[in-house]
Amino acid sequence: MGKTGLACSQKKASRLKAWLVFLDESGFLLAPLVRRSWAPCGQTPVLYQRGRHHKKVSAIAALCVSPERDEVRLYFRLYPGGDVDSTRVINFLRALNHELEVNWCLIWDRLNAHRSKQTSQWLAGAERLWTSFFPPYAPELNPVEYLWSWAKMNPLANRAFFDIDDLAVEARHAARSLQHKQTLLRSFVQHSPLLLRLK
């Protein structure tokens, strides 16, 4: 599906008076994402971290644009120490279906968990839900990618965690605070090359 297909999904969402939902997964690592910061003159900042640790907090999130295109909502779940597999994707979609309570069009990438037999079977029985895929190798089209970038480069930047539970707490805090920042949520959608106008 190319950009034409995405435009068709947007038109279908408009015709059905449906929510337009963008979904993506990511992970937060114990190692800090380092960015330039301020420090007293002559005092180089030092970050201490646990070496050789590859534990992460996996995350799944959806940016939901209202049928009237005047509101953007964020829904998310975190999985400390685990991966986002088909079962977790389905559980997230089931909860999302309950929250939205109306028609919705889901646009996501071609992750194996999105195309698995288990997920496809659940989608086939889901009412009020239509799905489309982003084109391959085009993450810049998904507004949720900008959400991940913001979270990692702002509230969680330059923060080294020694415990995965502490990382999960801070990641959850960052996401929850973001849920109340409508201007920022809208900016993620508007920054995407998608031709989607918000009111």
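This is a walk through the model, one selection at a time.

Before you click, note that the model is predicted: local features need pLDDT of at least 70, side-chain atom pairs count only at pLDDT 80 or more, and totals for chains, interfaces and linings use all residues. Residues are numbered from 1 along each chain as its sequence is written, and side-chain values use heavy atoms, with hydrogens and water left out.

**Whole chain**

Start with everything in cartoon view. You should find 7 helices and 5 strands, where helices (H or I, at least four residues) and strands (E, at least two) are DSSP runs, numbered from the N terminus. Traced from the N terminus, the order is α-β-β-β-α-β-α-α-β-α-α-α.

Now colour by burial. Of the 199 residues, 44% count as buried; that label means under 20% relative accessible area, with exposed over 50% and partly exposed in between (1.4 Å probe, protein chains only). Switch on the surface and the chain exposes about 11,400 Å², 51% of it supplied by carbon and sulfur atoms. Those areas come from the Shrake-Rupley method with a 1.4 Å probe, and for residues only the protein chains shown count as cover. As for contacts (heavy atoms within 4.5 Å), residues 24 or more positions apart make up 76% of those with a separation of 6 or more.

**The sheet**

Select the 5 strands next. They form an open sheet, ordered β3-β2-β1-β4-β5, with mixed pairing; strands pair if DSSP finds at least two bridges between them. At the edges sit β3 and β5 (129-133), each pairing on one side only. From one strand to the next, the twist averages 25°. Angles here run from 0 to 180 degrees between N-to-C directions, and axes are lines fitted to C-alpha atoms, for helices over the stretch in contact.

Keep the sheet on and add helix α6 (residues 164-178). This helix packs on the sheet, touching β1, β2 and β3, and its direction makes about 175° with that of β3.

Zoom in on β1 (residues 19-29) beside β2: the two are antiparallel over 10 bridges. To check the register, pick F22, whose bridge partner in β2 is L63.

Move over to β2 (residues 56-65) and β3 (residues 72-80), an antiparallel pair with 9 bridges. Here I60 has R77 as its bridge partner in β3. The two strands make a hairpin with 6 residues between them, and R69 in the turn has a positive phi of about 60°.

**Aromatic pairs**

Show the Phe, Tyr and Trp rings. The structure holds 3 aromatic pairs; rings (for Trp, its six-membered ring) pair if their centres lie within 6.5 Å, and planes under 30 degrees apart count as stacked, over 60 as edge-to-face and the rest as tilted.

Go to F22 and F134: this pair is stacked, at 6.2 Å centre to centre with 25° between the planes. F22 belongs to strand β1 and F134 to the loop between β5 and α5, so the pair ties together parts 112 residues apart in sequence. F22 is buried at 0% relative accessibility, and F134 is buried at 3%.

Then select F28 and W148. Their ring centres are 6.0 Å apart and the planes lie at 75°, so this pair is edge-to-face. With F28 in strand β1 and W148 in helix α5, the pair ties together parts 120 residues apart in sequence. F28 is buried at 6% relative accessibility, and W148 is buried with a relative accessible area of 6%.

**Helix α7**

Select residues 182-191. The buried residues of this helix are L185, R186, F188 and V189. They cover an arc of only 150° around the axis, which puts them on the same side of α7; the arc is that of the directions from the helix axis to the C-beta atoms. What covers them includes β2, β3, α5 (143-153) and α6. Spin the view to the face turned away from the buried side, and there are the exposed residues T183 and H191.

**Two loop stops**

Find R128 in the loop between α4 (117-125) and β5. Its phi is near 65°, a positive value in a residue other than glycine, and R128 is partly exposed at 28% relative accessibility.

Finish at Y137, in the loop between β5 and α5. Y137 is exposed, with a relative accessible area of 83%, and its phi is near 55°, again positive in a residue other than glycine. For a last distance, pick the C-alpha atoms of Y137 and R110: they are separated by 9.5 Å, with the two positions 27 residues apart along the chain counted as their spacing.
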